Amino acid sequence: VLRLREFDEKKAKLELGNVLGRISATNLEIEEAKNQIISSDEEFRDFLTTPRKVSEIRIFPFIMDELQKKINKKKQDLILLNKELEEKKRNLKVAEGRLKVIEKLKEKQYEKFKKEIDKKYQNEIDDHTIMRYGEKS
């Protein structure tokens, strides 16, 4: 039972780490999209310094819009990942609690066993002492 509880705890930790990794990756993707917006804006300003056709100029707002949509989608993904993270944290706490219960039971059983052994040794010592005392009398 203890090994099963330990396995559950390790599994919960792995799942938690997995979610944290996905959150980190999503945050990086958001930052990357924000940087793309900044660089696209700078490119657009450079692009406007030379005469262009209107059709060429019209594409940049669409690019910016798509990047903003990407950021918004990633932020929604991040909200869902944070909810999943909270669930995984709860699962880990439950697994840790179950493991502690089993460990405490194991410790109590060990202490009980140790007391029984100590009592047997003490009885043997007492018996030997009584025998020796009886032999001297």
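Which residues does Ile71 touch, not counting residues up to four places away in sequence? This tour of a predicted model arrives at that question after a view of the whole chain.

**The whole protein**

Begin with the complete chain in a cartoon display. The protein contains two helices and zero strands. Its radius of gyration is 34 Å, well over the 14 Å that the globule rule gives for 137 residues, so the protein is more spread out than a compact globule. Taken along the principal axes, the box filled by the C-alpha atoms is roughly 125 × 20 × 15 Å.

Next, switch on the surface. The protein exposes about 11400 Å², and carbon and sulfur atoms supply 56% of that area. Of the 137 residues, 18% count as buried. Colouring by charge then displays 33 positive and 28 negative side chains, and the centres of these two sets lie 3 Å apart.

**The core and Ile71**

Select helix H1, residues 2-48, and then helix H2, residues 54-136. The largest nonpolar core has 14 residues, and those with the most contacts inside it are Ile23, Ile71 and Leu85. Each of the two helices, H1 and H2, supplies at least two residues of this core.

Now select Ile71 to settle the opening question. With residues up to four places away in sequence left aside, Ile71 touches Ile30, Ala33, Lys34 and Ile37. A figure for the whole protein may be kept in mind here: among contacts between residues at least 6 apart in sequence, 86% join residues at least 24 apart.

**Two buried residues**

Move to Ser40, which lies in helix H1. Is Ser40 buried or exposed? Ser40 has a relative accessible area of 12%, and it counts as buried because this value is under 20%. Display its neighbours as sticks: not counting residues up to four places away in sequence, Ser40 touches Phe60, Ile63, Met64 and Leu67.

Continue to Lys88, a residue of helix H2. Lys88 has a relative accessible area of 14% and is therefore also classed as buried, the limit being under 20%. Its contacts, again without residues up to four places away in sequence, are with Glu15, Leu16 and Val19.

**Three partly exposed residues**

Select Ser24, whose place is in helix H1. Ser24 is partly exposed, with a relative accessible area of 40%. Draw a distance from its C-alpha atom to that of Glu86: the two residues are 62 residues apart in sequence and 15 Å apart in space.

Turn then to Glu87 in helix H2. This residue is partly exposed, its relative accessible area being 38%. Glu87 and Glu9 are 78 residues apart in sequence, and 14 Å separates them in space, C-alpha to C-alpha.

Finally, select Gln68, which is found in helix H2. Gln68 has a relative accessible area of 35% and is partly exposed. How many Å apart in space are Gln68 and Tyr121, C-alpha to C-alpha? The distance is 77 Å, while the two are 53 residues apart in sequence.

**A last view**

Return to the cartoon of the whole chain and keep three selections visible. Ile71 is one of the residues with the most contacts inside the largest nonpolar core. Ser40, in helix H1, is buried. Lys88, in helix H2, is buried.

Methods
Residues are numbered from 1 along each chain as its sequence is written. This is a predicted model: local features need pLDDT of at least 70, side-chain atom pairs count only at pLDDT 80 or more; totals for chains, interfaces and linings use all residues. Side-chain values use heavy atoms; hydrogens and water are left out. Helices (H or I, at least four residues) and strands (E, at least two) are DSSP runs, numbered from the N terminus. The radius of gyration is taken over C-alpha atoms; the globule rule is 2.2 Å times the number of residues to the power 0.38. Buried means under 20% relative accessible area, exposed over 50%, partly exposed in between (1.4 Å probe, protein chains only). Contact means heavy atoms within 4.5 Å. Accessible areas come from the Shrake-Rupley method with a 1.4 Å probe; for residues, only the protein chains shown count as cover. Lys and Arg count as positive and Asp and Glu as negative; His and the chain ends are not counted. The place of a charge is taken as NZ of Lys, CZ of Arg, CG of Asp or CD of Glu. A nonpolar core is a set of buried Ala, Val, Leu, Ile, Met, Phe, Trp, Tyr and Cys residues joined through side-chain atoms within 4.5 Å.
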